Amino acid sequence: MTSRTVTLLDVARTAGVSKSTASDALQGSGRVAEATRDRVRAVAEELGYRPNSAARRLRRSSTGAIGLHLPQTATRLDYYMNLAFGAVARAQEDGFDVVLLAPASTMGGAGGATGPGGASGPVASRVDGLLVIDPEVGDSAVPGLLDAGVPVVTGERYLGPTAAPTGAVICDNAASLTALLDHVTDRGARRPAVLAPAGTSAWATALRATAASWGQEHGVDVALRTVPFAATPGEAEETTLALLRADPAVDAVICAPDGAAPGVLRAAATLGRTVGTTASDRTDSAASDRTDSTAASDRTGEEPSTPGPGPHPRTPLLVASCVDGTATRSAEPPVTAVDLRPAAYGRACAELLCDILAGRTPPDTVRRHAWALETRASTTAGPA
């Protein structure tokens, strides 16, 4: 059998799958198990199968657009807006427009989506590929998007049971939180706390797991509190007030959600906790407290009081954020944060999808995106 006579049906029969499964496996789309996908590709290569590109173009002409699906809370978060701008800029370099998929168009209703997952028919007819950012297991639109019949690139891994995406761009979120915890403990913190996001995205799941595992590894009891995925400064303030009142030994708070860290600063101010001093400043503060106590006893003739458990109200509090942005940079004091480089991340996601669509990169490609720790006055004021 020569390459001129091999058809898709030949491949399907030899691999023991249906014609549609063989097509999905070779195109990197659809809900196909990894082992099946590998078997079909191996058979196609062995038989010398070459897809009929002209027929493929006739069956589905290019729309010149890619779809972008963001979490429902994204519209008020600085991070996702910058990510979207980066994706748009990169897609335009390959001649693609970007269509922002509203919840209605991905979950049924106005978009006319079909099936329980939503969007496979209508979405696939409007775009050449999809970007699905921070997919949550609880987002009912995601399974339909992953099974839409077009290449899909996710920003972060999808932890649900449905079909795997065609490609992914991921960050090492465990490493970024580890860097923050290491930083605050290097600055003298002995009882750090993490306000971790709720939800089932890879980012949220990794942060909660890392807070626990880092504490076990270092023999440190990390105070873990869960807040909404897109917690407001008010919600972060309320959680921090409750945390510090219940556990005054906490001397560092790492706030995960984008833009919520100013709420932690307000809580610290309410409780009289100075933000941003270092371990040496803590020693100076404690010495000052002892001097004040001794001076008072000299005046009154009484024995100096013994400090009670937990920090004095003047004991400093270190504050950091898992997501950098306008809120952390413009806060007073400016907040140490992880710069996830959202615009560059959006570019990287769009670039991978464009590369897959153009045949420059094979399906199932996973690329990594770098982050940077930006240290500021909320953890570094004064000499170390």
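About 140 Å³ of space lies in the largest cavity of this predicted model. Thirteen residues form its lining: of these 13 residues, Tyr79, Tyr80, Asp134, Trp203 and Val323 are the closest to the cavity centre. What classes of residue make up the lining of the largest cavity? Nine are nonpolar, one is polar and three are charged. Counting cavities of 30 Å³ or more, the structure holds one.

Now turn to the sheet. Six strands build it, and the sheet is open. Read across, the order is β7-β6-β8-β9-β10-β12. The pairing is mixed. In general, strands of a sheet pair through backbone hydrogen bonds, and they do so either parallel or antiparallel.

Which strands stand at the edges? They are β7, residues 223-227, and β12, residues 372-374. Each has a single partner strand, so one side of each is left without a neighbour in the sheet. Neighbouring strands here are turned against each other by 20° on average, with direction ignored.

Follow the β7 edge inward. In the strand order, β6 comes next to β7. Strand β6 covers residues 192-197 and pairs with β7 in the parallel sense. Five bridges join the two strands. For a landmark, find Ala196, which stands opposite Thr226 in β7.

A helix also belongs to this part of the picture. Helix α10, residues 202-218, lies across β6 and β7. The helix runs at about 160° to β6. Trp203, one of the residues closest to the centre of the largest cavity, falls within the residue range of α10.

Notes:
Residues are numbered from 1 along each chain as its sequence is written. This is a predicted model: local features need pLDDT of at least 70, side-chain atom pairs count only at pLDDT 80 or more; totals for chains, interfaces and linings use all residues. Side-chain values use heavy atoms; hydrogens and water are left out. On a 1 Å grid over the protein atoms alone, a cavity is a set of points where a 1.4 Å probe fits but cannot get out, and a pocket is an open set with protein on both sides within 12 Å along at least five of seven lines; lining residues have an atom within 4 Å of a point. Grid points are joined across faces, edges and corners, and a volume is the space filled by probe spheres set on the points. Ala, Val, Leu, Ile, Met, Phe, Trp, Tyr, Cys and Pro count as nonpolar, Asp, Glu, Lys and Arg as charged, and the others, Gly among them, as polar. Two strands pair if DSSP finds at least two bridges between them. Helices (H or I, at least four residues) and strands (E, at least two) are DSSP runs, numbered from the N terminus. Axes are lines fitted to C-alpha atoms, for helices over the stretch in contact, and angles run from 0 to 180 degrees between N-to-C directions. Contact means heavy atoms within 4.5 Å.
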